[in-house]
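Student: I should like to learn how to read the features of a structure such as this one. May we go through them in turn?

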Amino acid sequence: MNATIRTDDPATTPAPAATPRKPRQAGSNLGRYILIRFLLIFPTIFILVTLVFLLMRTTGDPITAALGGRLTADQLAERVAAAGYDRPLFVQYVEYLGQIFTGNFGTTLSDNRPVVEVLVVYGAATVELAFYALLVAFVVGIPLGMVAAYFRDRTPDAFLRILAILFYATPVFFAGLLLKLVFAVTLKWLPVSGRASTTSELQFALLDGRSGFYIVDAFRTGDAEVIGDVLAHAVLPGLALGLLTAGVFLRLVRTNMIGTLSTDYVDAARSRGVSELRLVRTHAYRPALIPIITVIGLQVALLLGGAVLTETTFEWKGLGFQLSEYLQARDFVAVQGIVVLLAVIVAVTNFLVDIIAALIDPRVRY
């Protein structure tokens, strides 16, 4: 008697073929990531603009804050009405947003200048100072972080960790005053303040289409003395602001390089007889720099905040210096424009850093 074979028995039924898994499309993931990061810029700037506008209005209208006590009550009321500050706050807010979208940030109350002109003239100085500070942070922080990782838990490492804490914890204005006292007043090696000497300023005035970046304009003159003068004026402000970030980079590079030196591929290289110095310089160097790139966006915000004190200490005529001047004059129209521009710089810098991090480290995209 033939046995009947059940075709529905799970033990005898062949398993269905597995559906092949579609590979991830790196290009589409990267494009989507960049698009999302780009779109996040607009709500970030919108929130910051709103907060700045509301905070500036907590003390009343800008004209009363700037000119109150210097004008009669009738003159003050006339100016307030002419500027539209007697209208409801929501109406002023909507009008302010409309002006920003058209590139009109208003006119300063203390010196009657378009805010856009102030941003263009003094913005280049702040960007140049931030560049010098980042250069100092890279040159000082990254090599010292590698040295600290190489001498882990030994005397040089302990000394460098203490040095990093001092760099980060020392107030910018105190570091600036100390550097001025030692290198400018006592040793007389470097200038005390300013971006350039009067002679260099006169040569810049003769240039057609000045860029506002003194180092660029100095190279355009072709005069080695002018270039040296601009660089000499940049040393102390760049150090005072850059050492703050150098302390962060030093600790970050040390921590990530120590973690990289304990990975399997580094152990494999070590077992093949590769020296520790070569492991640090070749195998562990690049992976340890990835966190540095992601932190740069946050450090730019820190640098712009420290630029206010640095520029005031060294009379570096940038946005930070002008911001302190306008705050003392209670010129809140100018303050609004400068703070909004600094917020835009921070938001755009974070966007660019996110793109670079995604290109270097594909894990960021997912």
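Tutor: Let us begin with a term. Helices (H or I, at least four residues) and strands (E, at least two) are DSSP runs, numbered from the N terminus. With that rule, residues 230-253 are 100% helix and 0% strand, and the C-alpha atoms at the ends of this stretch are 31 Å apart. Over residues 158-183 the chain is 92% helix and 0% strand, with 27 Å between the end C-alpha atoms.

Student: What kind of model is this, and how are its residues numbered?

Tutor: It is a predicted model, in which local features need pLDDT of at least 70 and side-chain atom pairs count only at pLDDT 80 or more, while totals for chains, interfaces and linings use all residues. Residues are numbered from 1 along each chain as its sequence is written, and side-chain values use heavy atoms, with hydrogens and water left out.

Student: How should pLDDT be read, and what is its mean for the protein?

Tutor: pLDDT is the predictor's confidence in each residue, from 0 to 100. Where pLDDT is low, the predicted coordinates should not be read in detail. Here the mean pLDDT of the protein is 82, and 89% of its residues reach 70 or more. Among the elements, helix α6 (residues 155-169) has the highest mean, 92, and helix α2 (residues 62-67) the lowest, 72.

Student: Where does UniProt place the feature "transmembrane region"?

Tutor: UniProt positions are given in the numbering used here, feature names are shortened, and annotations may be inferred rather than shown by experiment. The unreviewed UniProt entry places this feature at residues 34-56, 129-151, 158-183, 230-253, 288-309 and 333-360.

Student: How is empty space found, and what is the volume of the largest pocket?

Tutor: Rolling a probe the size of a water molecule over the atoms shows where empty space is left. On a 1 Å grid over the protein atoms alone, a cavity is a set of points where a 1.4 Å probe fits but cannot get out; a pocket is an open set with protein on both sides within 12 Å along at least five of seven lines; lining residues have an atom within 4 Å of a point. Grid points are joined across faces, edges and corners, and a volume is the space filled by probe spheres set on the points. The largest pocket has a volume of about 280 Å³. Its lining has 17 residues, with Arg 57, Ala 83, Tyr 85, Tyr 96 and Gln 99 nearest its centre. Helix α4 gives the most to this lining, four residues.

Student: Which classes of residue line the largest pocket?

Tutor: Ala, Val, Leu, Ile, Met, Phe, Trp, Tyr, Cys and Pro count as nonpolar, Asp, Glu, Lys and Arg as charged, and the others, Gly among them, as polar. The lining of the largest pocket divides into eight nonpolar, six polar and three charged residues.

Student: How many cavities of 30 Å³ or more are there?

Tutor: There is one, and the largest cavity holds about 30 Å³ of space. Its lining includes Pro 191, His 233 and Phe 314, and helix α10 (residues 224-261) supplies the largest share, four residues. By class, that lining has six nonpolar, three polar and no charged residues.

Student: Is Asn 112 buried or exposed?

Tutor: Buried means under 20% relative accessible area, exposed over 50%, partly exposed in between (1.4 Å probe, protein chains only). Asn 112 has 62% relative accessibility and therefore counts as exposed. Asn 112 lies in the loop between α4 and α5 (115-150), and its phi is near 55 degrees, a positive value in a residue other than glycine. Thr 108 is found in the loop between α4 and α5, but at 3% Thr 108 counts as buried.
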